[in-house]
Amino acid sequence: MNQTNNTYKRQQPAPPQIAGRGPGAHMRGIQPPPIENPSKTIKKLWQYLKPYKKTLITVFAAVTISTILGLIAPLYLKKAIDTITTIKTTGSMHSVLTAIITMASLYLISALLTWIQISGSIKAAQGALYNIREKSFRKLHRLPIPYLDRTPHGDIMSRFTNDVDTLTTAFTQTLTQLFSNILMLTGSIIMMLLLSPILTLLTMIIIPLAILATKIIATTSRKQFRRQQETIGKLNSIVEESAGGLREIKAFGKERELLDNFIKTNNNYADAAFKAMFVSSILPPIMNAINGLSFAIIATAGGYLAIKGILTVGIVAAFLTYSRQFSRPINEIANQFTMIQSAIAGAERIFQLQEETEEKEKQNALTKFSAEGKLKLSKVNFSYIPEKKVLTDIDLTAEAGEKIAIVGPTGAGKTTIVNLLMRFYTPQEGKIELDSTDIENITRAALRKNIGMVLQDTYLFSGTIADNIRYAKPNADMDQVIRAAKLAEADSFIRHLPDGYNTQLTDSGASLSQGQRQLITIARAILADPAILILDEATSNVDTRTETHIQKALKTLLKGRTSLVIAHRLGTIRDADKICVIENGRIIEQGSHEELMQKQGAYYRLYQNHYKKQEQAI
Ligand SMILES: Nc1ncnc2c1ncn2[C@@H]1O[C@H](COP(=O)(O)OP(=O)(O)OP(=O)(O)O)[C@@H](O)[C@H]1O
C-alpha cells in the first residue's frame with residue numbers, strides 16, 4: 001500500500017515545528033508575517049472579544065486613568081521641590097508633606113488600576129481564546145479529507161499552538177501596553193512642552209540617535225536570528241525523526257550518521273544563536289547610554305536654566321521624570337507593533353482554518369441508511385489532481401455478501417477505490433451505488449455506519465483496550481466487548497495482559513504487537529457489525545500462530561458481509577467470489593480464480609510470478 005497518500009491510513013500527526021514563530025519571535029528580530037486583510041481579521045477577533053465588552057471598557061479606562069495619574073504625579077514632585085527650595089515657614093513644610101503624600105497616593109492608585117487592567121485583560125483574553133480554540137477544534141472534524149491530505153499536520157497543529165499563543169500574549173499584555181505607551185508618550189510630550197519647550201527640544205535629540213542605533217543593531221541581528229530559526233527547525237526535525245524512527249535508525253545502523261548530522265547542525269545553531277544574542281544584547285546598554293546622555297544634557301541645561309532663574313528646580317526635576325517616561329515608550333512601541341502584527345497574522349491563519357469549506361451534503365441526503373450490502377461502481381473516473389488520472393472507467397459490482405478481492409501493483413489505485421466508497425473523495429465522473437442508492441444521496445455519516453474497515457496500519461486511540469474495541473459502538477456493554485474479542489481471537493491475549501481489557505494504550509498501541517493490534521481492530525469491526533467490510537490485508541509477516549488467529553478471526557468477520565479485500569495472500573484471493581485485477585487505474589480483468597487462470601491473462605501472470613511462490617512456500 002502506498003504509504004504517503006493513503007487517506008484512511010494516515011501517519012500520526014507530526015508535532016509542530018517550534019521554530020520561526022511564536023511569542024517572543026518579534027523580540028528576536030523576526031519580521032512579522034504578511035497579513036492579507038488586517039481590518040477583516042480584527043473585525044472577526046472583535047466578535048470573540050465582544051462578550052467581554054464591559055471588561056474591556058474597564059480595562060481601557062483603568063489604563064487611561066493610571067497613565068494620566070502617572071503623568072500628573074511628577075507635578076507634585078515639582079511642587080514639593082519648589083516648596084522645599086523656597087522654604088520659609090512650617091506651613092510650607094506642611095504643603096511639602098501634602099504634595100509628597102498626594103504623589104505617593106497617585107502612584108498607589110495607579111498600581112491598583114494596573115492590577116485591574118491586568119486581571120481584566122486576562123479574563124477577556126482567556127475567554128475569547130477558549131472560544132477560538134473550541135471553534136477551531138470543532139471545525140477540524142468537519143474539514144474535508146482532501147484538505148487534510150494536502151495540509152501538513154504540523155501546520156494545522158501550529159495554528160492551535162503557536163498562533164493561539166501569540167494571540168494570548170497580544171491580548172493579555174501587548175494591546176494594553178501599547179495603548180498605555182502611546183498615551184504616556186503623547187502625555188509626556190505635552191507636559192514637557194508645557195514645562196519647558198527648550199528642554200523638550202533637547203530631549204528630542206535622542207530620537208534620531210535611538211532610531212539609528214536600533215536600526216543598525218536590528219539589521220545585523222535579524223540575519224543571525226533568521227539563521228538561528230532555520231537551524232533550530234533542522235535541529236527539531238532531526239530530534240523528531242530520531243524519536244519517531246528510532247527502530248529504523250537502529251535497524252539500519254544509522255546512529256553515527258545521525259549523530260554527526262546533529263552535531264553539525266547543533267554547532268551551526270549554537271554559533272548563530274551566540275552571534276544573534278551577542279549583537280542584540282548590545283542594544284540595551286547602548287540605549288541606556290543614549291538615555292543617560294540625554295538625562296545628563298537635560299540635567300545640565302536644566303541646572304543652568306535654574307541657576308539663571310529661568311526655570312525652578314522643581315520644574316527641572318519634574319521634567320527629568322517626564323523625559324524618562326517619554327524615552328521608555330519610544331523603545332517599546334516599535335516592538336509592540338510588531339507583536340500585534342504577528343498576532344493578527346496568527347489570527348488570520350486560525351480564521352483561515354475556521355473558514356475552510358466544509359464537506360457538504362445534498363439537501364435531501366438520507367441521514368439514516370441500513371444497507372443490505374450490494375455495491376455497484378459504474379464508469380467511475382477520478383483524479384486527485386486534474387492533470388493525473390488515477391481511476392478510469394471503473395465498473396465493479398459486488399452482490400450483498402460477496403467477497404471481492406482487489407489485486408494489482410502498488411500505485412494502481414486500489415486504495416483510491418476505498419477512498420471513493422467511504423466518500424473521502426468524490427469521483428469526477430460515474431456513480432457509486434449502495435443497494436441501488438447513489439452514495440451521494442446518503443450522508444457521509446449514515447454511509448460510513450454501514451462500512452467497517454480493518455487496515456494493516458491499525459490506528460488505536462489512547463484509552464483502554466475495551467474503549468478501543470467499542471470505538472464504533474460506545475454504548476456496547478462489557479459482555480458484548482468480550483464476545484467480539486472472543487470471535488476476533490483476541491480474548492486470550494488480552495486476558496494475559498496485566499490489566500486485561502482495562503490495559504491503557506498509548507501511542508497508537510505501541511506496546512502491542514502488530515498482529516495483536518490487528519486482532520483488536522477485527523474485534524472492533526465485529527462489534528460494529530457493518531454490512532460492508534473493507535479489509536486491507538497485511539503484507540507484513542506476523543508469527544504463524546498470530547497469523548492463524550488473524551485468518552480465523554477474519555473468516556468470522558467476513559461471513560455474511562459484502563467485503564472488499566485489498567488482498568495479498570493467495571488464500572484470501574482464491575476464496576474470493578470475484579477477483580478484480582487493477583492496473584494503472586483500470587480494471588483489466590474480473591472473475592473467479594479458476595476463470596482468470598483459464599484466461600491466462602494478467603492474473604495468470606501475476607499468479608505465476610508472485611502467488612505461486614506463496615503456494616510453494618506453504
Ligand atoms: N491524496 C492524494 N493526492 C494525490 N495523489 C494521490 C493521493 N493519494 C494517492 N495518490 C496517487 O494515486 C495513485 C493511486 O494510489 P493508491 O493509493 O490508490 O494506490 P494503491 O493501488 O492503493 O497502491 P498501494 O498498493 O501501494 O497502496 C498513486 O499514483 C498515488 O500516488
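Begin by selecting helices α8 and α10 in this predicted model, where you will find that the two helices cross each other in the left-handed sense. Helix α8 covers residues 206–244 and helix α10 covers residues 255–307, and their axes come within 8 Å while crossing at roughly 160°. Because angles over 145 degrees count as roughly antiparallel, α8 is described as roughly antiparallel to α10. If you colour the contact between α8 and α10 by residue type, you should find 21 nonpolar, 14 polar and three charged residues.

Next, select helix α2, which is made of residues 53–85, together with helix α6, made of residues 162–195; the axes of this pair come within 9 Å and cross at roughly 30°. Since angles under 35 degrees count as roughly parallel, α2 is roughly parallel to α6. In this pair the crossing is right-handed. Which residues of α2 meet α6? On the α2 side they are V59, F60, V63, T64, T67, G70 and L71, and on the α6 side they face T176, F179, S180, L183, M184, G187, S188 and M191. The contact of α2 with α6 holds eight nonpolar and seven polar residues, and no charged ones.

Now step back and colour the chain by domain. The domain assignment places residues 33–354 in domain 1, gives domain 2 three segments, 366–450, 533–538 and 562–618, and places residues 456–529 in domain 3. Between the C-alpha centres of domain 2 and domain 3 there is a distance of 27 Å.

From here, select the four strands that form an open sheet in the order β2-β1-β4-β5, with antiparallel pairing. At its edges you will see β2 and β5, the latter being residues 437–438, and each of these pairs on one side only. A general point helps in reading any such picture: strands of a sheet pair through backbone hydrogen bonds, either parallel or antiparallel.

Follow this sheet strand by strand, showing β1 (residues 375–382) beside β2 (residues 391–398), which pair in the antiparallel sense over five bridges. As a landmark on this side, find L375, which has A398 of β2 opposite it. Then turn to β4 (residues 429–434), which is joined to β1 by five bridges and runs antiparallel to it. Two bridge partners can be labelled here, for S378 is matched with K431 in β4, and N381 is matched with E429 in β4.

Continuing from β4, you reach β5, to which β4 is joined by two bridges, again with the strands running antiparallel. L434 and T437 of β5 stand opposite each other. These two strands form a hairpin with two residues between them, and within the turn D435 has a positive phi of about 50°.

The next selection is an open sheet of six strands with mixed pairing, whose order is β6-β9-β10-β3-β11-β12. The edge positions belong to β6 (451–454) and β12 (586–591); each has a single partner strand, so one side of each is left without a neighbour in the sheet. As you look from one strand to the next, the twist averages 20°.

Inside this sheet, pick out β9 (residues 532–536) and β10 (residues 562–566), which pair in the parallel sense over five bridges. On this pair, L533 can be labelled with its opposite residue, S563 in β10. Add helix α12, residues 414–421, which packs on the sheet and touches β3 (403–407), β6, β9, β10 and β11 (578–583), while its direction makes about 135° with that of β3.

Another helix to add is α17, residues 514–528, which lies across β6 and β9 and runs at about 170° to β6. For the last stop, keep α17 selected and show α15 (residues 478–487), which packs with α17 at an angle of about 125°, the axes being 8 Å apart. This angle makes α15 oblique to α17. Is the crossing of α15 and α17 left-handed or right-handed? α15 passes α17 in a right-handed crossing.

To see what lies between these two helices, show Q480, V481, A484, A485 and L487 in α15, which meet A523, I526 and L527 in α17. The residues of this contact divide into seven nonpolar and one polar, with no charged residue among them.

Methods. Residues are numbered from 1 along each chain as its sequence is written. This is a predicted model: local features need pLDDT of at least 70, side-chain atom pairs count only at pLDDT 80 or more; totals for chains, interfaces and linings use all residues. Domain bounds come from an automatic or database domain assignment. Two strands pair if DSSP finds at least two bridges between them. Axes are lines fitted to C-alpha atoms, for helices over the stretch in contact, and angles run from 0 to 180 degrees between N-to-C directions. Angles under 35 degrees count as roughly parallel, over 145 as roughly antiparallel, 65 to 115 as roughly perpendicular and the rest as oblique. A crossing is left-handed if the near helix is turned anticlockwise from the far one by less than a right angle, and right-handed if clockwise. Ala, Val, Leu, Ile, Met, Phe, Trp, Tyr, Cys and Pro count as nonpolar, Asp, Glu, Lys and Arg as charged, and the others, Gly among them, as polar. Two residues are in contact if their C-beta atoms, placed from the backbone, lie within 7 Å.
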